[in-house]
Amino acid sequence: YYADVATGTFINRNHFAGYLELTIPLAIALAATTFARLTASGQSLGQRLVTVPGEQLFRTGALLVLALTMATALVCSRSRMGIACTLLALLSVGLFLAWRGRGKGFIVAAFAVAGATLLLFSQGDAAGLVVGRVLGIPADLNNGLGRWGIWIQAFAVVKAFPIAGVGMGVF
């Protein structure tokens, strides 16, 4: 199963995407924190880049490359909800940090990673595969064997046994 998509060490593409969805915002936030240390003084950006230690520049670059690698793997998994949740997580963290007055570095790093990922996938047919999966959502919902059918059955069970369920150890 899932031989045509990235799954990492997970069997299911969605589990892999869930793991990436949790870690991509952290890598971007770490890169933004390191970048914020670079821009803390009142000098121009060029002066700061010349005077900053190479270790900090390397750390910022490495974290951005790591986030780009994870974003690329996320798109290669073609998990619709994983991609949507990652975008929602980046948006919510960015808005929270902007509200606190510390979001400029995070927003710049997030746009850099998202832009580089879009640039990578605009060159081939991978973008068409992801868009095809997104456009296939209505067909998946109308199919009786898909998630919608499972949700309808689950709601029927909850309606029939609302308080205690059907009992321990039984389906």
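**Figure 1. Aromatic pairs in the predicted model.** Searching the whole structure, which is a predicted model, yields 3 aromatic pairs. One of these joins Phe10 and Phe16 in a tilted arrangement, with 6.3 Å from centre to centre and 45 degrees between the planes. The pair counts as tilted because its interplanar angle is neither under 30 degrees nor over 60. Within this pair, Phe10 is partly exposed at a relative accessible area of 33%, whereas Phe16 is buried at 10%.

**Figure 2. The pair formed by Phe96 and Trp99.** Phe96 and Trp99 make a tilted aromatic pair, their centres 6.1 Å apart and their planes at 45 degrees. Both residues belong to helix α4, which spans residues 80-99, and because they lie 3 residues apart, about one helical turn separates them. Phe96 is partly exposed, its relative accessible area being 41%; Trp99, with a relative accessibility of 68%, is exposed.

**Figure 3. The aromatic cluster that includes Tyr19****.** Phe10 and Phe16 join Tyr19 in one aromatic cluster. Of the residues in view, Phe16 is buried and Phe10 is partly exposed.

**Figure 4. Structural setting of the close-up views.** The protein contains 8 helices and 0 strands, so that its elements, read from the N terminus, follow the order α-α-α-α-α-α-α-α. Of its 171 residues, 29% count as buried. Among contacts between residues at least 6 apart in sequence, 67% connect residues at least 24 apart. The exposed area of the protein is about 11600 Å², of which carbon and sulfur atoms supply 71%.

Key:
Residues numbered from 1 in each chain as written. Predicted model: local features only at pLDDT ≥ 70, side-chain atom pairs only at ≥ 80, totals over all residues. Heavy atoms only, no water. Phe/Tyr/Trp six-rings, centres within 6.5 Å; stacked < 30°, edge-to-face > 60°. Buried < 20%, exposed > 50% of the residue type's maximum accessible area, 1.4 Å probe, protein only. Helix = DSSP H or I, 4+ residues; strand = E, 2+ residues; numbered from the N terminus. Contact = heavy atoms within 4.5 Å. Areas by Shrake-Rupley, 256 points an atom, 1.4 Å probe, with all protein chains shown as cover.
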